[in-house]
Amino acid sequence: MFDVLHSGALYDPGVAEITAVQAQCLEKLYDYNHTRPSEQAIRESMLREMFAEFGEGSYIEPPLHANWGGRFVHFGKKVYANFGLTLVDDTHIYVGDLCMFGPNVVIATAGHPILPELRAQGLQYNAPVRIGQNCWIGAGALIMPGVTIGDNTVVGAGSVVTKDLPSNVVAVGNPCRVLRPVGERDREVYFRDRAIPPELLKR
């Protein structure tokens, strides 16, 4: 039954075999969200147990919301997620090293058929999401099922990402589109006209 979650086929997510295991994952997620700020080591240990992969130096600010408590989520090293990350992790979510997520980002792998007759049966399908290394996903961005985002890409706050994005671009909007490449001016200023101190640049 669990193979169907990752096959892309339509299936009923409410069957007992699935919901029983999912409930166990959500119990662990509940415990994580009720840890104290001083319990950093406990949080890291819990995330390593909950996630498929959780890289060294990664951290998620509670509250975390996840359909499967991170069971199918693969985080690289030094990934940081601010408050309110939502992972609709009915199938795999891959996040590369050094990625950052602003508050209230949603990454969804699950979808439902457009045809009303199928939706009335409670059916859904899943498509994996892949995010490359060193990406910055702005606050409130929504990343939809099946999307791949390339390395070093910045997704603007509030964007709705429905299609793949290449590496080394700034992309914004609803639907999210490439605004411009990451360029030479980005090596000169970090916010509006504020200059980057030369000693911080690695060429």
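# Guided tour of a predicted protein model

Select residue 152 to begin: this asparagine sits in the loop between strand E15 (148–149) and strand E16 (154–155); helices (H or I, at least four residues) and strands (E, at least two) are DSSP runs, numbered from the N terminus. The model is predicted, so local features require pLDDT of at least 70 and side-chain atom pairs count only at pLDDT 80 or more, while totals for chains, interfaces and linings use all residues. Residues are numbered from 1 along each chain as its sequence is written, and side-chain values use heavy atoms, with hydrogens and water left out.

**Asparagine 152 and asparagine 168**

Display the backbone torsions at asparagine 152. Its phi is near 65 degrees, a positive value in a residue other than glycine. Most residues other than glycine have a negative phi, and most peptide bonds are trans. Asparagine 152 is partly exposed, with a relative accessible area of 32%; buried means under 20% relative accessible area, exposed over 50%, and partly exposed in between (1.4 Å probe, protein chains only).

Next, select asparagine 168, in the loop between E17 and E18. Phi of asparagine 168 is near 60 degrees, again a positive value in a residue other than glycine. Asparagine 168 is partly exposed, its relative accessible area being 36%.

**The hairpin of E18 and E19**

Continue to strand E18 (residues 169–172), which is joined to E19 by four bridges and runs antiparallel to it. Two strands pair if DSSP finds at least two bridges between them. Select valine 169 together with proline 181, its bridge partner in E19. Then select valine 170, which stands opposite arginine 180 in E19.

The hairpin has four residues between its strands, and glycine 173 takes a positive phi near 105 degrees. Proceed to the peptide bond from asparagine 174 to proline 175, which is cis, with omega near 0 degrees. Proline 175 belongs to the loop between E18 and E19.

Is strand E19 largely buried or in the open? Of the five residues of E19 (residues 177–181), the number buried is zero, so the strand lies largely in the open.

**The seven-stranded sheet**

Widen the selection to the open sheet of seven strands, ordered E2-E5-E8-E13-E16-E18-E19, with mixed pairing. Its edge strands are E2 (59–60) and E19, each of which pairs on one side only. Strands of a sheet pair through backbone hydrogen bonds, either parallel or antiparallel.

From E2, move to the loop between E2 and E3, where proline 63 lies. A cis peptide bond joins proline 62 and proline 63, with omega of about 5 degrees.

**The five-stranded sheet**

Now select the open sheet of five strands in the order E3-E6-E9-E14-E17, whose pairing is parallel. Strand E3 (65–66) and strand E17 (160–161) stand at the edges with a single partner strand each, so one side of each is left without a neighbour in the sheet.

Within this sheet, isolate strand E6 (residues 86–88) and strand E9 (residues 106–108), which run parallel and are joined by three bridges. Leucine 87 stands opposite isoleucine 107 in E9.

**Arginine 71**

Select arginine 71, in the loop between E3 and strand E4 (73–75). Arginine 71 is partly exposed, at a relative accessible area of 38%. Which residues does arginine 71 touch, not counting residues up to four places away in sequence? They are Val21, Cys25, Met50, Phe51, Ala52 and Asp89, where contact means heavy atoms within 4.5 Å. Add leucine 47 to the selection: the C-alpha atoms of arginine 71 and leucine 47 are separated by 9.7 Å, and the two residues are 24 apart along the chain.

**The whole chain**

Finally, restore the full view. The secondary structure comes to three helices and 21 strands. Along its principal axes the C-alpha trace spans about 60 × 45 × 20 Å. For 203 residues, a compact globule would have a radius of gyration near 17 Å, and the protein agrees with 18 Å; this radius is taken over C-alpha atoms, and the globule rule is 2.2 Å times the number of residues to the power 0.38.

Of the 203 residues, 41% count as buried. Among contacts with a separation of 6 or more, 26% are between residues 24 or more positions apart. Colour by charge to see 18 positive and 22 negative side chains, the centres of the two sets lying 8 Å apart. Here Lys and Arg count as positive and Asp and Glu as negative, with His and the chain ends not counted; the place of a charge is taken as NZ of Lys, CZ of Arg, CG of Asp or CD of Glu.
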